[in-house]
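Visitor: I am new to this structure and would like to learn how to read it. Could you take me through it step by step?

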Amino acid sequence: MAQQGAALQNYNNELVKCIEDLCSKRDDLQRQIMVEEEEKHKLQNDIRVLSEKLAKVNENLAKKISARNEFDKTIAETEAAYMKILESSQTLLNVLKRESTTLKKNDTDDLRYEN
């Protein structure tokens with residue numbers, strides 16, 4: 001019976017040691033979990049902050065693109081109007097040259113008839 005008691009005590013000691021090892025491994029794992037959860041919360045916060053910044057940048061970018069498009073439209077309209085002014089100026093110049101030539105010719109003809 002003493003042998004059985006000693007064996008039982010041996011088993012009990014091994015069982016206690018195994019349980020202690022498992023508890024130690026569990027505690028180590030729990031510390032790792034806490035560190036990673038802390039990292040996870042930090043990353044989630046970083047993502048939230050970056051998402052807010054991205055939204056603001058996108059909003060500002062959209063406003064600036066809209067303003068640039070308005071500039072493009074105004075420039076195009078102004079250039080078109082300027083081209084019309086140039087065409088009108090050229091037409092006016094041609095008319096004035098033709099009229100000037102006609103007037104000079106009429107003046108020359110009038111001078112011939114007077115002599």
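Guide: Happily! Let us begin with one term: a residue is called buried under 20% relative accessible area, exposed over 50%, and partly exposed in between. Keep in mind that this is a predicted model.

Visitor: Why does asparagine 58 count as partly exposed?

Guide: Its relative accessibility is 42%, and partly exposed covers the range between 20% and 50%, so asparagine 58 falls in that class. Asparagine 58 sits in helix α1, which covers residues 2-114.

Visitor: How many helices and strands does the protein chain have?

Guide: The protein chain has one helix and zero strands. To get a feel for distance along the helix, take asparagine 58 and threonine 78: they are 20 residues apart in sequence, and their C-alpha atoms are 30 Å apart in space.

Visitor: What radius of gyration does the protein chain have, set beside a compact globule of 115 residues?

Guide: The chain has 49 Å, while such a globule would be near 13 Å. Along the principal axes, the C-alpha atoms fill a box of roughly 165 × 20 × 10 Å. As for burial, 0% of the 115 residues count as buried.

Visitor: Which residues form a nonpolar patch on the surface?

Guide: Tyr82, Met83 and Leu86 do, with about 300 Å² of accessible area together. Leucine 86 belongs to helix α1, and its relative accessible area of 37% makes it partly exposed.

Visitor: What does UniProt list for residues 19-60?

Guide: An unreviewed UniProt entry lists them as "coiled-coil region". In this model the span is 100% helix, and its end C-alpha atoms lie 61 Å apart.

Notes
Residues numbered from 1 in each chain as written. Predicted model: local features only at pLDDT ≥ 70, side-chain atom pairs only at ≥ 80, totals over all residues. Heavy atoms only, no water. Helix = DSSP H or I, 4+ residues; strand = E, 2+ residues; numbered from the N terminus. Buried < 20%, exposed > 50% of the residue type's maximum accessible area, 1.4 Å probe, protein only. UniProt positions renumbered as here; feature names shortened; annotations may be inferred. Patch = residues over 30% accessible without salt bridge, like charges linked within 9 Å, V, L, I, M, F, W, Y side chains within 5 Å. Areas by Shrake-Rupley, 256 points an atom, 1.4 Å probe, with all protein chains shown as cover. Salt bridge = Lys/Arg side-chain N within 4 Å of Asp/Glu carboxyl O. Rg over C-alpha atoms; globule rule 2.2 N^0.38 Å.
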